[in-house]
Amino acid sequence: MRNATRSSLALAVIFAASALCADEIGDVENGADLFGYCSGCHEVGADAENGIGPHLNGIFGRAAGSIDGYFYSDGLNRMGADGLIWDLTTLDAYIENPRALVSGTRMSFDGWEDAQERADVLAYLRAYSDNPANIPEAEPTARPSEVELPPEVLAIQGDVAYGEYLASDCKTCHQQDGSDEGIPSITRWPVDDFVVAMHAYKRKLRPHPVMQMQAGRLSDEEIAALAAYFKDLD
Amino acid sequence: MTFNRRTFIGTAAVGTAALSAPLLATAQGKPRVVVVGGGAGGATAARYIAKDSEGAIDVTLIEPSRAYYTCFFSNLYIGGFQEMDDLGHGYGTLAADYGINVVHDWATGVDRDAKTVALAGGGSVPYDRLILSPGIDFIDGSVAGWDQSAQGVMPHAYKGGTQAELLKAQIMAMPEGGTFAMVAPPNPYRCPPGPYERISMVAHLLKEVNPTAKIIVADPKEKFSKMALFQEGWNDHYAGMIDWIGPDFGGADVEVRPGTMEVVIDGEATKVDAANVIPAMKAGLIVERAGLTEGNWAPVVPATMQSRMDENIHILGDASSQGDMPKSGYSANSQAKVAAMAVRGALTDARVFPAKFSNTCWSLIDTNDGVKVGATYEATEEKIAKVDGFISETGESDELRKATYEESLGWYAGITSDMFG
Ligand SMILES: Cc1cc2nc3c(=O)[nH]c(=O)nc-3n(C[C@H](O)[C@H](O)[C@H](O)COP(=O)(O)OP(=O)(O)OC[C@H]3O[C@@H](n4cnc5c(N)ncnc54)[C@H](O)[C@@H]3O)c2cc1C
């Protein structure tokens, strides 16, 4: 995890848009208040049970989609199978923009823009995990957000014809007609979600070796081109 | 990133381009592309050219079979995970929806000066660009005692369809506690993990129907694709069943005797009940006949998949020698898209982008135990060169292995609809 934190730090520098925090993760008390936004669906603490959402005891260090007896969305199951572990970085990315990290999640929450608020609520949740992952006790923890792309990256107008050529490489696995057996559908995604997801793979925050490799060789323009092409595919 | 739009004004404008001069004018006024071989490379190329040129290019596909039975997943058929019927794909959609002229015949020769392809049924087909994707043929004599007349007794099951059915029937007919032998091929050959996925699937089948049976593999290679993953899997699922004999123990010194069903390894003859002989391979014969091979394979220009010996001919898939990509269906499909773009760029004013290639090969070791290996590639002057890659790890969780297997089902659906529409 130490390495992951380091490389995240490097990314944070490159992308310069990330919030960096101080020694403490956040304010536990404020986090307890903010948890009110979550508690309609999630329980945490002694006797917490699964409700609309899974309980959050021991969330740090746990694999996504791994609580027995809770019925997860296909998207979360897939992420869990791919190796997504909840730690400070991934949880932060998830609550900032749930659908960007886990396509098709049922968590009906638009996301938390304010980095400090996210930090506070995660500090609160952390108290209910025995083995908090990715949280050095004393060092400051970087919390670069996978989803915060510089506006100019999101603003690139994709070249649809180029996207169509690049997309031929995707269609060996992802079906043109949007079928999603075994491999998810990537047609008709909103452009921003597509772009953010591809950058998350490129930076190896989303776990999947094929996708990390494929996204890894795409430039910002190429990702925009693909997003522009797949957006309108029937 | 910007791309120069290639607008061809006559032939002079392309003098500096990587692609050769286009032949725009034909008798019918439309440029003609002929594709030989309706497999992973050929069907994909025909479909992409027809689809993307929207009628501006006349596409003819020459393929003897009415249905293409994929080699991919034929091991899963042997293991009982797939039905043979589901591995067959017809050419009806390519003809009806994409306007491709599908000719069910063998190509018997290429006249490169006249630019025509001769057909076994008589007559010939003219082309402006020719695409050859005939897959592989076997090198007779590469396994002492075996030639193609022995394939009914000791099947290779390394081309699609009936050979795999024959091999499975022979395995099912083995006596209790009998012996299955495989002679594995030397490099390079199609589908590097294929023989070892097959061993896994044969072991899976035998474990169910004949659990005291034995499997012998004679292998001329010291190392093979996904070796650590297969060995781990064989230990976990089929302990004591598989005897892999590498070259250090005589695995390269093999003779087979189809008449008596014996396999001789390092001088020692063993009577076996089923034998799978996978000989050394070379490019499909038509490429050799066209005079486009160097050694056993056909060298190509990486950026376009054009033959190094004839710029009007593109050679795809297993038959080509291109550099770092393994010979796989995924690779052939990937190369076909690059070639399709190059052909459209040469014959029409279609835009041409930098070539990108990729490959992933999934293998099934046992029920819900899937693994994969993959890489991305780019075109350099000299070869198709690997950019980045990954491979499944030993000791992965059951969940991940199951997800990997399920992914392979999605891939199969994806690639076959990408080939046949
Ligand atoms: C057991 C096994 C398992 C495999 N598993 C996988 C896998 O999981 N994933 C993967 O990516 N790859 C796999 N492969 C490899 C894959 O099948 C080949 O690499 C791929 O089919 C190559 O495509 P191709 O177009 O070069 O040749 P092919 O797909 O073999 O197509 C060649 C076609 O050309 C036709 N033809 C040949 N000569 C002529 C002629 N003279 N005139 C007209 N037509 C002609 C043939 O009838 C054939 O239909 C596997 C192979 C085997 C044997």
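**Ligand shell and chain contact**

The shell around the ligand draws on two domains of chain B, with at least three residues from each: domain 1 (12-137 + 281-355) and domain 2 (162-277). The domain bounds come from an automatic or database domain assignment. This is a predicted model: local features need pLDDT of at least 70, side-chain atom pairs count only at pLDDT 80 or more, and totals for chains, interfaces and linings use all residues. Residues are numbered from 1 along each chain as its sequence is written, while chains are lettered from A and ligands numbered from 1 in the order in which they are written.

Start at the ligand. It is surrounded by 39 residues, each with its C-beta atom, placed from the backbone, within 6 Å of it. The closest are B:Gly37, B:Gly39, B:Gly41, B:Gly135 and B:Gly317. Elements of chain B that each supply at least two shell residues include α1 (40-53) and α8 (329-347). Helices (H or I, at least four residues) and strands (E, at least two) are DSSP runs, numbered from the N terminus.

Now turn to chain A. In chain B, 31 residues are in contact with 27 residues of chain A; contact puts C-beta atoms, placed from the backbone, within 7 Å. α9(B) gives the most to this side of chain B, with 13 residues.

One helix pair spans the two chains. The axes of α3 (residues 74-82) of chain A and α9(B) come within 8 Å and cross at roughly 115 degrees. Axes are lines fitted to C-alpha atoms, for helices over the stretch in contact, and angles run from 0 to 180 degrees between N-to-C directions. α3(A) is therefore roughly perpendicular to α9(B) (65 to 115 degrees). A:Arg78, A:Ala81 and A:Asp82 of α3(A) make the contact with B:Glu399, B:Leu400 and B:Ala403 of α9(B).

Conventions: Contact = placed C-beta atoms within 7 Å. Parallel < 35°, antiparallel > 145°, perpendicular 65-115°, else oblique.
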